[in-house]
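Visitor: I'm new to this one and would rather see one part properly than rush through everything. Please pick a spot, take me in for a close look, and tell me what sits around it.

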Amino acid sequence: MLLWLKEHKYCLIGLYLFVFLAGFFALEAAAPKPKVIIHCAADDWIPFNEWFVLPYALWYLWVPACMFCFMLRDKAAYLELCFNMFTGATLCLFIYALWPNGLDLRREITADNICADLVRLLRSIDPPCNVCPSIHVSSTAAVHLTLCRSRSLGKSAGMRALSIIVTAAICASTMFIKQHSLIDVLCGWLLSLSLTAAASIYTKQKAAARVSRPETEQSEH
């Protein structure tokens, strides 16, 4: 295993996850009072449905699984995902620290089933603050955008279709269990789209530089 890591040192970038988690939990512990309550009319139209906690929880399997798959099969996609996901999550932390925001969407849960219990548990450990942009959504979007651009998984119509379904379900779930506002979801997508565009521009410029370098060297000779 150690030998494999020495030959694939780029995989160690994933360890930044622990740096992010340390910052996230430190910010949660500080618990600054939200200065802005995120809300829009659409939030009132979206009904609470505890069963959406299932696709919400799917995030904890989907994102790591895709990340691990890219790490083993597609170095370029793995590095792009790490850039998109980790940069986006870090920017979210800065936004939360400088612009504390929160929600006022949660209401008493009257249902009595396992999914309702899961939502109650989630609410007990995840206060309705630091919500916009949604890291849950931005990281999910990062995975989907990276998968679609991947030279390996992106060629599979089945994988792209699966990714669309899972991504849509996870993003919708954040609103149906009242963990996020529609505004949080849209901002999460905007963040990942912007970072994906930045990564694309950088990749194209780097490729163009490689092409022009041999021509420059030949002209010098």
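Guide: Let's start with what an axis is here: a line fitted to C-alpha atoms, for a helix over the stretch in contact, with angles running from 0 to 180 degrees between N-to-C directions. Keep in mind too that this is a predicted model.

Our spot is helix 4, residues 53–73, and its two partners, helix 7 and helix 8. Take helix 8 to begin with, residues 157–176: its axis and that of helix 4 come within 8 Å and cross at roughly 130°. Angles over 145 degrees would count as roughly antiparallel, and 65 to 115 as roughly perpendicular. The two helices are therefore oblique to each other, and helix 4 passes helix 8 in a left-handed crossing. On the helix 4 side, the residues that touch are Pro55, Tyr56, Leu58, Trp59 and Trp62. They meet Leu162, Ser163, Val166, Ala169, Ile170, Ser173 and Thr174 of helix 8. Sorted by class, that contact holds 9 nonpolar residues, 3 polar ones and no charged ones.

Now for the other partner. Helix 7 covers residues 135–149, and it packs against helix 4 at an angle of about 40°, with the axes 10 Å apart. That pair is therefore oblique as well, and helix 4 passes helix 7 in a left-handed crossing. Here helix 4 brings Tyr56, Trp59, Tyr60, Trp62, Val63, Cys66 and Phe70, while helix 7 answers with His136, Ser139, Thr140, Val143, Thr146 and Leu147. This contact has 9 nonpolar and 4 polar residues, and no charged ones. Put the two lists side by side and you'll spot Tyr56, Trp59 and Trp62 meeting both helix 7 and helix 8.

Next, step back along the chain from the start of helix 4. Glutamate 50 sits in the loop between helix 3 (41–45) and helix 4. Is this glutamate buried or exposed? Buried means under 20% relative accessible area, and glutamate 50 has 10%, so it is buried. Leaving aside its neighbours within four places in sequence, glutamate 50 is in contact with Ala111, Asn113, Cys115, Ala116, Val119 and Ile177. Threonine 110 is 60 residues from glutamate 50 in sequence, but 10 Å from it in space, C-alpha to C-alpha.

The loops beside the two partner helices have their own quirks. Between helix 6 (114–125) and helix 7 you'll find proline 133, and the peptide bond from cysteine 132 to this proline is cis, with omega near 0°. That loop also holds asparagine 130, which has a positive phi of about 55° although it is not a glycine. Asparagine 130 counts as buried, at 7% relative accessibility. Over on the helix 8 side, lysine 178 is in the loop between helix 8 and helix 9 (182–220). Lysine 178 has a positive phi too, near 65°, and isn't a glycine either. With a relative accessible area of 9%, lysine 178 is buried.

So, back to where we began: helix 4 is oblique to helix 7 and oblique to helix 8. Neither the contact with helix 7 nor the one with helix 8 includes a charged residue.

Note on methods
Residues numbered from 1 in each chain as written. Predicted model: local features only at pLDDT ≥ 70, side-chain atom pairs only at ≥ 80, totals over all residues. Heavy atoms only, no water. Helix = DSSP H or I, 4+ residues; strand = E, 2+ residues; numbered from the N terminus. Buried < 20%, exposed > 50% of the residue type's maximum accessible area, 1.4 Å probe, protein only. Contact = heavy atoms within 4.5 Å. Parallel < 35°, antiparallel > 145°, perpendicular 65-115°, else oblique. Left-handed = near helix turned anticlockwise from the far one by under 90°. Nonpolar A, V, L, I, M, F, W, Y, C, P; charged D, E, K, R; others polar.
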